[in-house]
Amino acid sequence: MGQAVWTGSISFGLVNIPVRLYPATQPKDVRFHLYDRRTGKRIRYERVTRDEEPATFAPEADVPPSPSMPETRAVDADDVVRGVELSDGELVTVSEEEFVSLAPERSRTIELEEFVDLADIDPVFYEKSYHVAPVRRMGGEKPYVLLIMALQSAGMVGIGRFVLRTKPHLVAIRPLEKTLALETLFFGDEVRSPEEFAVRPADVAVSDREVKTARQLIGAMATKWSPSAHSDAYREELLTLLSRKSPTVPAPIIESTGVSDIGDLMAALRASVDVAKQKQKSSLSTRAG
């Protein structure tokens with residue numbers, strides 16, 4: 001089942017359902033690391049500034065620039081500030097303390113504030129999908145099934161809000177066949193109006209015959225949606241390519257001179273004791289002489 005990303009409860013009215021949230025999707029993109037082919041070492045990225053880049057804002061008075069500053073300078077985490085360019089072009093910065101002070105508190109409950117028809121939510125508002133599972137042996141199974149059946153019979157979804165990690169989300173709780181799903185939604189001002197891209201009917205003349213013919217074409221190509229019929233051909237080709245590649249030659253192992261296991265440790269300790277005893281004997285002999 002994997003690790004739950006959130007544990008809390010869903011409430012509607014006086015009904016409270018302990019639940020856990022699990023991601024409904026699992027991206028399978030092939031992710032590459034970058035290496036230096038000359039040394040075989042992994043390439044790392046650091047926070048740095050460059051001398052040739054002009055400053056965006058005046059540095060703080062108590063942090064004078066070093067006269068011996070190198071061409072690139074590593075930036076300590078304590079010196080990093082967040083900056084946002086406002087609509088008027090002005091740049092404002094926020095310290096980590098200020099940023100953290102405004103972070104919303106983690107939600108313990110998703111309170112369903114209203115119920116709407118599922119068909120009224122345009123798919124463009126859907127951001128990410130999660131499976132909602134009841135917490136076992138906490139009395140949540142019955143109200144969980146009750147909510148599924150009630151939403152199914154009403155043809156509606158519940159709308160609520162909660163904070164996942166540090167981000168507030170508007171969510172829709174919708175019923176599947178035997179489980180509940182949670183969809184995080186974009187807020188209204190995050191969705192661009194389609195009017196920006198609309199074509200005015202007066203600018204284009206389409207005849208009834210053309211519409212009828214297009215519908216015939218759609219009917220001829222119509223089929224039942226089957227997710228398994230669609231695969232990522234690029235990823236499959238990439239994995240095939242990787243499977244045909246010869247693995248890289250491992251770098252030579254440099255043997256450690258240190259102790260590798262308990263046996264080596266005991267041997268080293270015994271040898272050390274023997275050496276110490278020999279030194280002690282030699283010291284006593286020297287003194288006696």
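This passage describes surface patches, one helix and the salt bridges of a predicted model.

Two surface patches were identified, one nonpolar and one negative. The nonpolar patch consists of V199, V204, V206 and V211. Together these valines present about 350 Å² of accessible area. V199 sits in the loop that runs between β11 (180-185) and α3 (208-221). Its relative accessible area is 61%. V199 therefore counts as exposed, since the cut-off for that class is over 50%.

The negative patch is built from acidic residues. Its members are E60, D76, D78, D79, E97 and E98. Among them, D76 is placed in the loop between β4 (72-74) and β5 (82-85).

Helix α3 was examined for length and for burial. The helix has 14 residues. At 1.5 Å a residue, a span of 20 Å is expected. The C-alpha atoms at its two ends are 20 Å apart, in agreement with that value. The number of buried residues in α3 is zero. The helix therefore lies largely in the open. Burial here requires a relative accessible area under 20%.

Charge pairing was considered next. Side chains of opposite charge can pair when their charged atoms come close. Six salt bridges are present in the structure. Three of them are described here, including the pair formed by E96 and R82. In this pair the closest N and O atoms are 3.3 Å apart. The bridge links distant parts of the chain. E96 belongs to helix α1 (residues 96-102), whereas R82 belongs to strand β5. The two residues are 14 residues apart. E96 has a relative accessible area of 38% and is partly exposed. R82, at 39%, is also partly exposed.

A further salt bridge joins the side chains of R192 and E196, with an N to O distance of 2.9 Å. R192 is exposed, at 57% relative accessibility. E196 has a value of 49%, so this residue counts as partly exposed. The cut-off of 50% for exposed residues falls between these two values.

D232 and R235 form another salt bridge. Their closest N and O atoms lie 3.9 Å apart, and the pair therefore meets the criterion of within 4 Å. D232 is partly exposed, with a relative accessible area of 31%. R235 is partly exposed as well, with 23%.

Technical notes
Residues numbered from 1 in each chain as written. Predicted model: local features only at pLDDT ≥ 70, side-chain atom pairs only at ≥ 80, totals over all residues. Heavy atoms only, no water. Patch = residues over 30% accessible without salt bridge, like charges linked within 9 Å, V, L, I, M, F, W, Y side chains within 5 Å. Areas by Shrake-Rupley, 256 points an atom, 1.4 Å probe, with all protein chains shown as cover. Helix = DSSP H or I, 4+ residues; strand = E, 2+ residues; numbered from the N terminus. Buried < 20%, exposed > 50% of the residue type's maximum accessible area, 1.4 Å probe, protein only. Lys, Arg positive; Asp, Glu negative; His and termini not counted. Charge placed at Lys NZ, Arg CZ, Asp CG, Glu CD. Expected span 1.5 Å × (residues − 1).
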